[in-house]
Amino acid sequence: MSDTLIGLDQLINQFEDNKSWDKQYRLIIQLGKKLIKMSDKDKIDHNKVEGCESAAWLLIEKKEDCYFFQMDSETRVVKGLMMILMIIYQGKTVQQIRDINIDQIFEKLGLLNHLSPSRTNGLLAIVQKIQRI
């Protein structure tokens, strides 16, 4: 699941190399295409993320001490945002998840400056669900 993920530093570099929002938006769409499609059997109410404008699902699995996530959405942009969260959180322990300064990462990426309020709310709803584990 995490074999194809780029590193966080590489993600930040990609955003810094593509300074305009148009290029960053295209980058988000490209990231979304790499998100592994979630099985329809996992798209149940229990896995649905409340607070997202479009339908979004988050499945959390614990293997040994690490957490692994499957995410899916009906929209390309949300899938791209989910892929960013996968890069940040995938395969981490609870302590590592707690130690992540997500606000600082979003600041480096410049994400929250350009997303609509509803997309920002949805993104933060997914983050909160992850941080509650």
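A charge is said to sit over a ring if NZ of Lys or CZ of Arg is within 6 Å of the ring centre and within 35 degrees of the ring normal. The model is predicted: local features need pLDDT of at least 70, side-chain atom pairs count only at pLDDT 80 or more, and totals for chains, interfaces and linings use all residues. Residues are numbered from 1 along each chain as its sequence is written, and side-chain values use heavy atoms, with hydrogens and water left out.

**Exercise 1.** Identify the ring over which the charged end of lysine 63 sits, and place lysine 63 in its hairpin.

*Solution.*
- The ring is that of phenylalanine 68, with the charged end 5.4 Å from its centre.
- Strand β1 spans residues 56–63 and pairs with β2 in the antiparallel sense over eight bridges. Strands (E, at least two residues) and helices (H or I, at least four) are DSSP runs numbered from the N terminus; two strands pair if DSSP finds at least two bridges between them.
- Lysine 63 stands opposite cysteine 66 in β2.
- Two residues separate β1 and β2 in the hairpin, and glutamate 64 in the turn has a positive phi of about 55 degrees.

**Exercise 2.** Describe the surroundings of β2 and of cysteine 66.

*Solution.*
- Six of the eight residues of β2 (residues 66–73) are buried. Buried means under 20% relative accessible area, exposed over 50%, and partly exposed in between (1.4 Å probe, protein chains only).
- Cysteine 66 counts as partly exposed, at 22% relative accessibility.
- On the β3 side, the bridge partner of cysteine 66 is threonine 93; β2 and β3 (residues 92–93) pair in the antiparallel sense over two bridges.

**Exercise 3.** Classify the aromatic pair found in the whole structure.

*Solution.*
- The search finds one aromatic pair.
- The rings of tryptophan 21 and tyrosine 25 have centres 5.9 Å apart and planes at 65 degrees, so the pair is edge-to-face. Rings of Phe, Tyr and Trp (its six-membered ring) pair if their centres lie within 6.5 Å; planes under 30 degrees apart count as stacked, over 60 as edge-to-face and the rest as tilted.
- Both residues lie in helix α2 (residues 21–33), four residues apart, about one turn of the helix.
- Tryptophan 21 is partly exposed, at 21%, and tyrosine 25 is likewise partly exposed, at 33%.

**Exercise 4.** State how many disulfides the structure holds.

*Solution.*
- The structure holds zero disulfides, a disulfide being a pair of cysteine sulfur atoms within 2.5 Å.
- Cysteine 52 counts as buried, at 17% relative accessibility.
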